[in-house]
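Here is a short report on one protein model. Keep the structure in view as you read, and find each part as it is named.

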Amino acid sequence: MAKLDYPASVRNGEAILAALQRLGVAGDVLEVACGSGQHAVRFASGLPGVRWLPTSRDPDERASVDAYVAEASLDNVLPAVALDVCVGPWPQGPFDAVFCANMIHIAPWEAALGLLAGAARVLSVDGVLVLYGPFAFGGRLEPESNRAFDASLRSRDPLWGVRDLGEVEVAAAAVGLRLDAVEAMPANNHLVTFRRASK
C-alpha cells in the first residue's frame with residue numbers, strides 16, 4: 001500500500017506539535033480520523049513521552065499510517081485500528097488525550113457528537129480532548145476564506161460545514177466535558193481543548 005500524502009498535514013504539523021508540547025500531552029494518546037499518518041509520525045517523534053494510537057474508518061488511511069510508521073522506525077506508535085465514531089466500538093481506554101484534526105467539519109454533525117461522547121467515555125480523569133480546525137464563533141465565521149471553505153464543503157455535502165464552537169461546547173457539556181482553552185493557529189484555524197467538567 002502506497003503512503004498517502006495530505007499536504008495540509010505537512011503544513012500544519014509543526015504548529016500543532018508546538019501546541020501539544022505546550023499542553024504537556026503525554027502518555028496514551030488516541031488519534032481519531034488519523035488521515036495519512038503524517039501527523040502521527042510527526043507528533044510521536046516530537047512527543048517521545050507518548051504512546052500514540054491512530055484510528056480511521058478508512059482502510060487505505062490505516063495502511064498509510066502503518067507504512068509511515070514503519071519507514072520512520074517509531075516504537076511509540078501502535079498499529080492503526082478501525083474506528084467509526086458514530087458506531088464504534090472505541091479502543092479500550094483510558095487515554096490521557098484524544099486528538100482529532102480536521103474531521104468535524106468534513107462529516108455530518110452526528111460525527112462530532114459521536115466524537116465527543118466517545119472521548120468522554122475513554123478519557124482518563126485528567127485527560128484532554130484536543131480538536132484542531134476552523135470554527136465559527138458566536139454565529140460568525142471569519143475571515144472570507146473560511147466562509148468560502150464552508151460554502152465549498154456544503155456544496156459537496158449539505159451535512160458538512162464549519163461548526164460553531166458554541167454549539168460544540170454545548171454538545172461537549174452534555175457528555176461531561178468543559179471547554180478549557182482556545183488557541184488561534186495559522187491559516188485561520190484553532191486548537192480547542194476540553195477537559196472533564198468538575199462535579
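Begin inside the protein. Strands E4 and E5 each supply at least two residues to the lining of the largest cavity. This model is a predicted one. The lining is made up of Cys100, Ala101, Asn102, Met103, Ile104, Leu131, Tyr132 and Phe135. Seven of these residues are nonpolar, one is polar and none is charged. The volume of the largest cavity is about 30 Å³. How many cavities of 30 Å³ or more does the structure hold? It holds one.

Now look at Asn102 again. Asn102 has a positive phi of about 55 degrees, although it is not a glycine. Asn102 sits in the loop between E4 and H4.

**The largest pocket**

Asn102 also turns up in the largest pocket, whose space comes to about 1,000 Å³. The lining counts 37 residues, and those closest to the pocket's centre are Ala101, Asn102, Met103, His105 and Ile106. Which elements give two or more residues to this lining? They are H1, E1, E2 and helix H5 (144-156). H1 gives the largest share, with five residues. By class, the pocket lining has 21 nonpolar, 10 polar and six charged residues.

The two spaces can be set side by side.

| Space | Volume | Nonpolar | Polar | Charged |
|---|---|---|---|---|
| Largest cavity | about 30 Å³ | seven residues | one residue | no residues |
| Largest pocket | about 1,000 Å³ | 21 residues | 10 residues | six residues |

**The sheet**

Next comes the sheet. Seven strands build it, and it is open. Read across, the order is E3-E2-E1-E4-E5-E7-E6. The pairing is mixed. Why is one side of E3 and one side of E6 left without a neighbour in the sheet? Strand E3 (81-82) and strand E6 (177-185) stand at the edges, and each has a single partner strand, so one side of each has no neighbour there.

Take the E3 edge. E3 pairs with strand E2 (residues 50-56) in the parallel sense, over two bridges. Here Thr55 stands opposite Val81 of E3.

Now take the E6 edge. E6 and E7 pair in the antiparallel sense, over eight bridges. In one of these pairs, Glu183 has Leu191 in E7 as its bridge partner. E6 and E7 form a hairpin, with three residues between them. Ala187 lies in the turn and has a positive phi of about 60 degrees.

**The helices**

Helix H4 (residues 109-122) lies across five strands named here: strand E1 (27-32), strand E4 (95-101), strand E5 (123-133), E6 and strand E7 (189-196). H4 runs at about 150 degrees to E5.

Two other helices pack together. Helix H1 (residues 7-23) and helix H2 (residues 38-46) meet at an angle of about 35 degrees. Their axes are 10 Å apart. Is the crossing of H1 past H2 right-handed or left-handed? The crossing is right-handed. On the H1 side, the residues in contact are Ser9, Val10, Asn12, Gly13, Glu14, Ile16, Leu17, Leu20 and Gln21. On the H2 side, they are Gln38, His39, Arg42, Phe43 and Gly46. This contact has five nonpolar, seven polar and two charged residues.

**Two cis bonds**

Finish with the loop between E3 and E4. Pro89 is found there. A cis peptide bond joins Gly88 and Pro89, with omega of about -5 degrees. Pro94 is found in the loop between E3 and E4 too. The peptide bond from Gly93 to Pro94 is also cis, and its omega is near 0 degrees.

Terms used. Residues are numbered from 1 along each chain as its sequence is written. This is a predicted model: local features need pLDDT of at least 70, side-chain atom pairs count only at pLDDT 80 or more; totals for chains, interfaces and linings use all residues. Side-chain values use heavy atoms; hydrogens and water are left out. Two strands pair if DSSP finds at least two bridges between them. Helices (H or I, at least four residues) and strands (E, at least two) are DSSP runs, numbered from the N terminus. Contact means heavy atoms within 4.5 Å. Axes are lines fitted to C-alpha atoms, for helices over the stretch in contact, and angles run from 0 to 180 degrees between N-to-C directions. On a 1 Å grid over the protein atoms alone, a cavity is a set of points where a 1.4 Å probe fits but cannot get out, and a pocket is an open set with protein on both sides within 12 Å along at least five of seven lines; lining residues have an atom within 4 Å of a point. Grid points are joined across faces, edges and corners, and a volume is the space filled by probe spheres set on the points. Ala, Val, Leu, Ile, Met, Phe, Trp, Tyr, Cys and Pro count as nonpolar, Asp, Glu, Lys and Arg as charged, and the others, Gly among them, as polar. A crossing is left-handed if the near helix is turned anticlockwise from the far one by less than a right angle, and right-handed if clockwise.
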